[in-house]
Amino acid sequence: MHSIGAPPPRLLEAIPSEDLSRFERDLDRVQLPAGRLLSTAHDPPRRVYFPDTAVMALSLAMHDGRTAGVRIVGREGVVGLAAIGGPTCPAGTESTVQVAGTAWSITAERLRAAVKTSEDLRFALEQYSVALLAHMAQTVVCNRLHSLDERAARWLLLINDRVEGSTFPLTQEAFADLLGVSRPAVSTVGAQFARAGAAEFRRGVVHIHDAGALEKASCECIGADRETFRPAARGVRAQALEPVRHERNGLSVMRPQIRRAR
């Protein structure tokens, strides 16, 4: 059984405030509706997005129109990373808003300039790139070795880890595209999850009733996914995010504190 996932830390929180202040004036907070196309596979990204409450899906499309998801991106990551490769570097994947919400956005040109002046920003993005490659390799293995039920549970958990609450908008058709299967196949899996009391598709919205049951239905990949991205969003070379206990009204609470690593 896998451990219940906690919300992953935000990638921008891994960057020291003094470095972040150098380019935060170039960051725009934007509201993104579900279904919005952020970038196409063959065009260089013009803007880069650091999700806050929004969740993005990265996918690849074949010539016959079929698609398959390769990555879910939430607060732990960034969309449009290819921008640091230069103004002619294509995105490589199609990026779409899966769950509506907010994000911090910056132009590709401004991000490239910020990377040149901030070693910690560059390191954070490099760490995320390494984690992203590991995750995509995990997805290849998962698609090859695990059943549709297991893969579907994994994708639902990946999204659920990145949203507030236990419901999020997702149609069966969109979920079928993410999994690279037919809609009837998703309907069958959804019915199985509903009978088990784990999750339910209802009028374009997924309701997670029992995350523990969904984890039991998932494969081992969900645990690997969670571990892969925590280091990338948790620390920069000269910084460490460590939990520190504070007493408040007699209760011990956990708060993150940034301090210089020795």
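In this short talk I will go through a few helices, strands and single residues of the structure shown above. Please keep in mind throughout that this is a predicted model.

Let me begin with helix 3, which covers residues 119-145. At 1.5 Å a residue, its 27 residues should span 39 Å, and because the C-alpha atoms at its two ends are 39 Å apart, the expectation and the model agree. Several residues of helix 3 are buried, among them Asp120, Leu121, Phe123 and Ala124, and the list of buried residues also takes in His135, Thr139 and Cys142.

Those last three residues bring us to the neighbouring element in my account, helix 4, which is made up of residues 148-160. Where do the two helices meet? On the helix 3 side the residues are His135, Gln138, Thr139, Cys142 and Asn143, and they meet Arg151, Arg154 and Leu158 in helix 4. Sorted by class, this contact has 2 nonpolar, 4 polar and 2 charged residues. As for the geometry, the axes of helix 3 and helix 4 come within 11 Å and cross at roughly 150°. An angle over 145 degrees counts as roughly antiparallel, and the two helices are therefore roughly antiparallel to each other.

Between helix 3 and helix 4 there is a loop, and His146 is found in that loop. Is His146 buried or exposed? With a relative accessible area of 18%, His146 is buried, because the cut-off for that word is under 20%. Leaving aside residues up to four places away in sequence, His146 touches Val141, Arg151, Cys219, Glu220 and Cys221; Arg151, as you will recall, is also one of the helix 4 residues that meet helix 3.

I turn now to the strands, and to strand 6 in particular, which consists of residues 94-99. Strand 6 pairs with strand 2, residues 37-39, in the antiparallel sense over 2 bridges, and here Ser39 has Ser95 in strand 6 as its bridge partner. Strand 6 is also joined to strand 4, residues 55-61, by 5 bridges, and these two strands again run antiparallel; in this pairing, the bridge partner of Ala57 is Thr96 in strand 6.

Finally, let us look at Arg47, which is found in strand 3, residues 47-51. Arg47 is partly exposed, with a relative accessible area of 28%. Although Arg47 and Gly80 are 33 residues apart in sequence, their C-alpha atoms are 6.7 Å apart in space. Not counting residues up to four places away in sequence, Arg47 touches Asp28, Val79, Gly80, Ser105, Ile106, Thr107 and Ala108.

Definitions and conventions. Residues are numbered from 1 along each chain as its sequence is written. This is a predicted model: local features need pLDDT of at least 70, side-chain atom pairs count only at pLDDT 80 or more; totals for chains, interfaces and linings use all residues. Side-chain values use heavy atoms; hydrogens and water are left out. The expected span of a helix is 1.5 Å times one less than its number of residues. Buried means under 20% relative accessible area, exposed over 50%, partly exposed in between (1.4 Å probe, protein chains only). Axes are lines fitted to C-alpha atoms, for helices over the stretch in contact, and angles run from 0 to 180 degrees between N-to-C directions. Angles under 35 degrees count as roughly parallel, over 145 as roughly antiparallel, 65 to 115 as roughly perpendicular and the rest as oblique. Contact means heavy atoms within 4.5 Å. Ala, Val, Leu, Ile, Met, Phe, Trp, Tyr, Cys and Pro count as nonpolar, Asp, Glu, Lys and Arg as charged, and the others, Gly among them, as polar. Two strands pair if DSSP finds at least two bridges between them.
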